[in-house]
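User: Hello! Could you teach me how to read a structure like this one?

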Amino acid sequence: NIRTVLDILEYYEAHPEKQSALVFLDAQKAFDKVNWEFMRQQVKEMKFGVKFGKMIESIYSRQEAQVVINGEMTKPFEIERGIRQGCPLSPLLFIMTLEILLRKIRQNREIKGLRIKKEEYKAQAFADDLVFFTEEPIISGPKLIKEIERYGEVAGLTINKDKTKMIFKNLTGKQKKKLEEVMGLQIVKKIKYLGIWLTARCSTIKEDNYLKLVSEIKKDLEKWGKLQLSMLGRIATIKMNILPRILFFFPKYYN
């Protein structure tokens, strides 16, 4: 996903005549707000089979809970939203419900994505980390937000507009202000996506990520150098702390 986003940013740097915006969506309590009725319906629509459908229905229907407030138990109330935290099935169910939104956006011809040859890129998703690509964002952007809000009315997803941010390419100052007005979202210079700091200028990727990491590692090594560690202890520290932090970046840049 990171490599795709970087490729898209580089593409628009090479094509300054094209205007674009990347919308990094933050959903309010995404897992906790999934509508059970919508989820059960999607299991049927995607034809997972009768047995699987009955299993999901037995888990996500007729559930009640009680809450202790000031030492007193409330009356039972019915639960109709949210997927179970910690359940290995929950991420798959969330992705299944989210696929409907992604499909609707990709099929919506009024939302203009990045087109390279015959392929058009409009969205990338990693669980609830979503990024959308729009060309001519002042026109396409509001239609994208409207599509997400329509989906949210039935599925339970709500846009957190305080945390949902945008970065743009090839817009003037006036166009930038206009985009913020029509979208109701803030444009930022830098945003963290899947653990990587991204900016509209790809040339700052090294400075924002690698150089900062190198500085942090140097500080840690100076602290650990004062500890009485054996050779095996030093090797274990490097393997468990330093190497994972370095290797985290490489697949994202060089895949």
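Analyst: Happily; we start with the whole protein and then turn to a single residue. This is a predicted model, where local features need pLDDT of at least 70, side-chain atom pairs count only at pLDDT 80 or more, and totals for chains, interfaces and linings use all residues. Residues are numbered from 1 along each chain as its sequence is written, and side-chain values use heavy atoms, leaving out hydrogens and water.

User: How many helices and strands does the protein have?

Analyst: Helices (H or I, at least four residues) and strands (E, at least two) are DSSP runs, numbered from the N terminus. Here there are 9 helices and 13 strands. The C-alpha atoms fill a box of roughly 55 × 55 × 40 Å along the principal axes.

User: What share of the residues is buried?

Analyst: Buried means under 20% relative accessible area, exposed over 50%, and partly exposed in between, using a 1.4 Å probe and protein chains only. In this protein, 39% of the 255 residues are buried.

User: Now one residue, please: where is Ser61 found?

Analyst: Ser61 sits in the loop between α3 (50-59) and β2 (63-65). Ser61 counts as buried because its relative accessible area is 10%.

User: Which residues is Ser61 in contact with, leaving aside its neighbours within four places in sequence?

Analyst: Contact means heavy atoms within 4.5 Å. With those neighbours within four places set aside, Ser61 is in contact with Trp36 and Arg40. In addition, a polar atom of the Ser61 side chain lies 2.2 Å from the backbone oxygen of Glu57.

Terms used. A polar contact is a pair of N or O atoms within 3.5 Å; within protein, one must be able to donate a hydrogen and the other to accept it, and residues adjacent in sequence count only if both atoms are side-chain atoms.
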